[in-house]
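The following exercises introduce a protein structure through short tasks, each with a worked solution. Please keep the sequence and the model in view while working through them.

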Amino acid sequence: MAQVRSRVGQRFNPDDRVKKQKLGGDNSLPQRVGTVLEAFARKEKRGHTVYYYSVLWDDLKTPSIHGQNVLSLIS
């Protein structure tokens with residue numbers, strides 16, 4: 001019997017402070033911290049909804065788009 005995984009909904013809202021998770025072993029770069037400007041959803045090819053966020057990083061002038069799997073909320 002196949003295991004059924006539940007989908008995670010939208011985790012972040014505009015004006016939330018987030019940090020980018022470090023994937024891999026590169027610890028030479030500083031932690032990136034920013035503010036969520038916009039949240040939007042897209043459908044993947046299997047029809048599931050995936051959430052993306054436009055984030056303005058503190059050290060950059062233009063926002064960039066990231067999936068919620070690489071972002072975490074700063075408490």
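**Exercise 1. The hairpin of β2 and β3**

Which residue in β3 does K43 stand opposite? Describe also how the two strands are joined.

*Solution.* The model is a predicted one.

Step 1. The residue opposite K43 is T49, which lies in β3.

Step 2. β2 and β3 run antiparallel and are joined by 9 bridges.

Step 3. The hairpin that these strands form has 5 residues between them, and G47 takes a positive phi near 95° there.

**Exercise 2. The elements and their order in the sheet**

State how many helices and strands the protein has, and determine how the strands are ordered in the sheet.

*Solution.* Step 1. The protein has 0 helices and 5 strands. Read from the N terminus, the succession is β-β-β-β-β.

Step 2. The 5 strands form an open sheet with antiparallel pairing, in the order β4-β3-β2-β1-β5.

Step 3. β4 (64-67) and β5 (71-73) are the edge strands, since each of them pairs on one side only. On average, neighbouring strands of the sheet are turned by 45° against each other, direction ignored.

**Exercise 3. The pairings of β1**

Identify the strands to which β1 is joined, and name the bridge partners of V18.

*Solution.* Step 1. On one side, β1 (residues 17-20) is joined by 3 bridges to β2 (residues 33-43), and the two run antiparallel. The bridge partner of V18 in β2 is G34, while K19 stands opposite V33 in β2.

Step 2. β1 also has 3 bridges to β5, again in antiparallel fashion. Here the bridge partner of V18 is L73 in β5.

Step 3. V18 therefore has two partners to name: G34 in β2 and L73 in β5.

**Exercise 4. The edge strand β4**

How many bridges join β3 to β4? Give one residue pair as an example.

*Solution.* Step 1. Strand β3 (residues 49-57) and β4 run antiparallel, with 4 bridges between them.

Step 2. One of the pairs is that of Y53 with its bridge partner H66 in β4.

**Exercise 5. The nonpolar core**

List the residues of the largest nonpolar core, and find which strand gives the most to it.

*Solution.* Step 1. The core has 8 residues: F12, V18, V36, Y53, V55, W57, V70 and L71.

Step 2. β3 gives the most, with 3 residues.

Step 3. As a general background, nonpolar side chains tend to be buried together in soluble globular proteins.

Step 4. The contacts of L71 illustrate the core. Leaving aside residues up to four places away in sequence, L71 touches F12, V18, K19, K20, Q21, Y53, V55, W57 and H66.

**Exercise 6. A residue of β5**

Is S72 buried or exposed? Name the residues that S72 touches.

*Solution.* Step 1. S72 is located in strand β5.

Step 2. The relative accessibility of S72 is 16%. A residue is buried under 20%, so S72 counts as buried.

Step 3. With residues up to four places away in sequence not counted, S72 touches F12, R17, V18, K19 and Q21.

**Exercise 7. The aromatic pairs**

Find the aromatic pairs and classify each by its geometry.

*Solution.* Step 1. The count comes to 2 aromatic pairs.

Step 2. In the pair of F12 and Y53, the ring centres are 5.2 Å apart and the planes stand at 75°, so this pair is edge-to-face. The pair links distant parts of the chain, F12 being in the segment before β1 and Y53 in strand β3, 41 residues apart. F12 is buried at a relative accessible area of 3%, and Y53 counts as buried at 0%.

Step 3. F40 and Y52 form a stacked pair, with 6.3 Å centre to centre and 20° between the planes. F40 belongs to strand β2 and Y52 to strand β3, 12 residues apart. Y52 is partly exposed, its relative accessible area being 26%.

**Exercise 8. The protein as a whole**

What share of the residues is buried, and how much accessible surface does the protein have?

*Solution.* Step 1. Of the 75 residues, 21% are buried.

Step 2. The accessible surface is about 5900 Å², and carbon and sulfur atoms hold 50% of it.

Step 3. Among contacts with a separation of 6 or more, 41% are between residues 24 or more positions apart.

Technical notes
Residues are numbered from 1 along each chain as its sequence is written. This is a predicted model: local features need pLDDT of at least 70, side-chain atom pairs count only at pLDDT 80 or more; totals for chains, interfaces and linings use all residues. Side-chain values use heavy atoms; hydrogens and water are left out. Buried means under 20% relative accessible area, exposed over 50%, partly exposed in between (1.4 Å probe, protein chains only). Contact means heavy atoms within 4.5 Å. Accessible areas come from the Shrake-Rupley method with a 1.4 Å probe; for residues, only the protein chains shown count as cover. Axes are lines fitted to C-alpha atoms, for helices over the stretch in contact, and angles run from 0 to 180 degrees between N-to-C directions. A nonpolar core is a set of buried Ala, Val, Leu, Ile, Met, Phe, Trp, Tyr and Cys residues joined through side-chain atoms within 4.5 Å. Rings of Phe, Tyr and Trp (its six-membered ring) pair if their centres lie within 6.5 Å; planes under 30 degrees apart count as stacked, over 60 as edge-to-face and the rest as tilted.
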